[in-house]
Amino acid sequence: MPKPKSFTAWLKTHADQRNAIGDLARDVCADPDWPSRKGRQGQLDYLEERGAIDAAIETLESAWTQYEAYRADQSDA
């Protein structure tokens, strides 16, 4: 069974979407300082430290929820 993608790798696969998660994915793709290995809290802290708007924080939370569902599906397969 293939190993599930990391959150950042999973998020980047959504860069072509025309919605908030797609916007976040494009921003992450363009940000060389994105903390890929810091986990959910590290990424939330990163956005907050950079003065991200509330909608960006909410989008990251929503993306993590979808990512956790993806991981659960991967482990069930």
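Let's start with aspartate 16, which counts as exposed because its relative accessibility is 61%; exposed here means over 50% relative accessible area, buried under 20% and partly exposed in between, with a 1.4 Å probe and protein chains only. Aspartate 16 sits in the loop between helix H1 (7-12) and H2. From there to alanine 52 the C-alpha to C-alpha distance is 21 Å, with the two positions 36 residues apart in sequence.

A quick word on what we're looking at. This is a predicted model, where local features need pLDDT of at least 70, side-chain atom pairs count only at pLDDT 80 or more, and totals for chains, interfaces and linings use all residues. Residues are numbered from 1 along each chain as its sequence is written, and side-chain values use heavy atoms, leaving out hydrogens and water. The pLDDT, the predictor's confidence in each residue from 0 to 100, has a mean of 95 for the protein, and 97% of the residues reach 70 or more. Among the elements, helix H2 (residues 20-30) has the highest mean, 98, and helix H4 (residues 54-76) the lowest, 95. Helices, by the way, are DSSP runs of H or I with at least four residues, numbered from the N terminus.

Now to H2 itself. At its N-terminal end, asparagine 19 acts as the cap, with a side-chain oxygen 3.1 Å from the backbone nitrogen of isoleucine 21. So which residues of H2 are buried? They are Ile21, Gly22, Leu24, Ala25 and Val28. These residues lie on the same side of H2, because they cover an arc of only 160° around the axis, the arc being that of the directions from the helix axis to the C-beta atoms. Over on the other side, Asp27 and Ala30 are exposed. And the buried set packs against H1 and H4.

Two residues show that packing. Leucine 11, setting aside residues up to four places away in sequence, touches Ile21, Leu24, Ala25, Val28 and Ala63; contact means heavy atoms within 4.5 Å. Threonine 59, in helix H4, is buried, with a relative accessible area of 12%. Beyond its neighbours within four places in sequence, threonine 59 contacts Ala20, Ile21 and Leu24.

Last, the largest nonpolar core: it has 17 residues, and Phe7, Trp10, Leu11, Trp34 and Leu60 have the most contacts inside it. Such a core is a set of buried Ala, Val, Leu, Ile, Met, Phe, Trp, Tyr and Cys residues joined through side-chain atoms within 4.5 Å. H1, H2, helix H3 (39-49) and H4 each give it two or more residues, and H4 gives the most, with six.

How values were computed
A polar contact is a pair of N or O atoms within 3.5 Å; within protein, one must be able to donate a hydrogen and the other to accept it, and residues adjacent in sequence count only if both atoms are side-chain atoms.
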